Amino acid sequence: MLSPVDIQNKKFKRTFRGYSDEEVDKFLDEIIEDYERLYRENMELKDKITSLNDKLNDYKNLEDTLKNILITAQQTSDEIKSNARVKAEMIIKEAEERADRIIEDSNAKAYEIKKEYERIKNEMEVFKSKVRSMLVSQIEMLDSNKPEENQE
């Protein structure tokens, strides 16, 4: 590709009866000006394209990073939910086991209290029988020590 300097430094051979040097130089000057302007615009556009491509790549990288962050956040959220669910199930299971132990202990204590009640009840019956028996024997003894009323 020709640069504006290449056009400006171009020299033509001189011939007899050639074109007017003045007209050719003037025309070449116009071409050089237009070409320089187009060349600068082209370079600016190339720089702009490069800059825009760099920004686009930055945005694509940012988008990829954000996607990865969202994926990680979702995975972390799922993991936290799962762990919470497992922990809740463990807490419920432990509470149920503790409740079962409390019920078993209460039942065992109630059974022991009932046994103790039955034992005391039986002792009471035995005591009552002994007292009754003793009272009956005392009454009999009292009756046997009475003087007979008919002996006079």
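Leucine 66, at 45% relative accessibility, counts as partly exposed. This residue has its place in helix H2, and it offers a convenient point of entry into the structure, which is a predicted model. Around leucine 66 lies a patch of nonpolar surface: Tyr59, Leu62, Leu66 and Ile69 together make an area of about 430 Å².

From this patch one may turn to the chain as a whole. The protein chain contains 2 helices and 0 strands. Helix H2, in which leucine 66 is found, covers residues 21–144. The overall dimensions may be read from the C-alpha atoms, which fill a box of roughly 205 × 20 × 10 Å along the principal axes. The radius of gyration of the protein chain is 60 Å, whereas a compact globule of 152 residues would have one near 15 Å.

How much of the chain is buried? Of its 152 residues, 4% count as buried. Leucine 28 is one residue that is buried, with a relative accessible area of 18%; the limit for this class is under 20%. Leucine 28 belongs to helix H2. Its C-alpha atom is separated by 67 Å from that of glutamine 74, and these two residues are 46 apart along the chain. The accessible surface of the protein chain comes to about 14800 Å², and 56% of that surface belongs to carbon and sulfur atoms.

The charges of the chain deserve attention next. There are 28 positive and 36 negative charges, and their mean positions are 4 Å apart. Some of the negative charges gather on the surface in a patch formed by Glu22, Glu23, Asp25, Asp29, Glu30, Glu33 and Asp34. Glutamate 23, one of the members of this patch, lies in helix H2. Is glutamate 23 buried or exposed? With a relative accessible area of 60%, glutamate 23 is exposed, because a residue counts as exposed when this value is over 50%.

Other charged residues are found in pairs. Side chains of opposite charge can pair when their charged atoms come close. A search of the whole structure finds 5 salt bridges. One example joins arginine 37 and glutamate 41, whose side chains meet with a distance of 3.2 Å from N to O. What separates these two residues along helix H2? Arginine 37 and glutamate 41 are 4 residues apart in helix H2, so they are separated by about one helical turn. Both partners can be described by their accessibility: arginine 37 is partly exposed, with a relative accessible area of 38%, and glutamate 41 is likewise partly exposed, at 36%.

A further group of charged residues involves arginine 119. The side chain of arginine 119 meets that of glutamate 116 in a salt bridge of 2.4 Å, N to O. Glutamate 116 and arginine 119 are 3 residues apart in helix H2, and therefore about one helical turn separates them. Arginine 119 also forms a salt bridge with glutamate 123, where the closest N and O atoms are 2.2 Å apart. Here the spacing is 4 residues in helix H2, which means that arginine 119 and glutamate 123 are again separated by about one helical turn. Which residues are linked in this network of salt bridges? The network consists of Glu116, Arg119 and Glu123.

The members of this network may also be placed by their exposure. Glutamate 116 is partly exposed, with a relative accessible area of 35%. Arginine 119 is partly exposed as well, its value being 37%. Glutamate 123, at 44% relative accessibility, also counts as partly exposed. Glutamate 123 is found in helix H2. A distance along the chain may be added for glutamate 123: its C-alpha atom and that of glutamate 112, which is 11 residues away along the chain, are separated by 16 Å.

In summary, the predicted model shows a chain with 2 helices and 0 strands, of whose residues 4% count as buried. Helix H2 holds leucine 66, which belongs to the nonpolar patch, and glutamate 23, which belongs to the patch of negative charge. Helix H2 also holds the pair of arginine 37 and glutamate 41, and the linked residues Glu116, Arg119 and Glu123.

Key: Residues numbered from 1 in each chain as written. Predicted model: local features only at pLDDT ≥ 70, side-chain atom pairs only at ≥ 80, totals over all residues. Heavy atoms only, no water. Patch = residues over 30% accessible without salt bridge, like charges linked within 9 Å, V, L, I, M, F, W, Y side chains within 5 Å. Areas by Shrake-Rupley, 256 points an atom, 1.4 Å probe, with all protein chains shown as cover. Salt bridge = Lys/Arg side-chain N within 4 Å of Asp/Glu carboxyl O. Lys, Arg positive; Asp, Glu negative; His and termini not counted. Charge placed at Lys NZ, Arg CZ, Asp CG, Glu CD. Buried < 20%, exposed > 50% of the residue type's maximum accessible area, 1.4 Å probe, protein only. Rg over C-alpha atoms; globule rule 2.2 N^0.38 Å.
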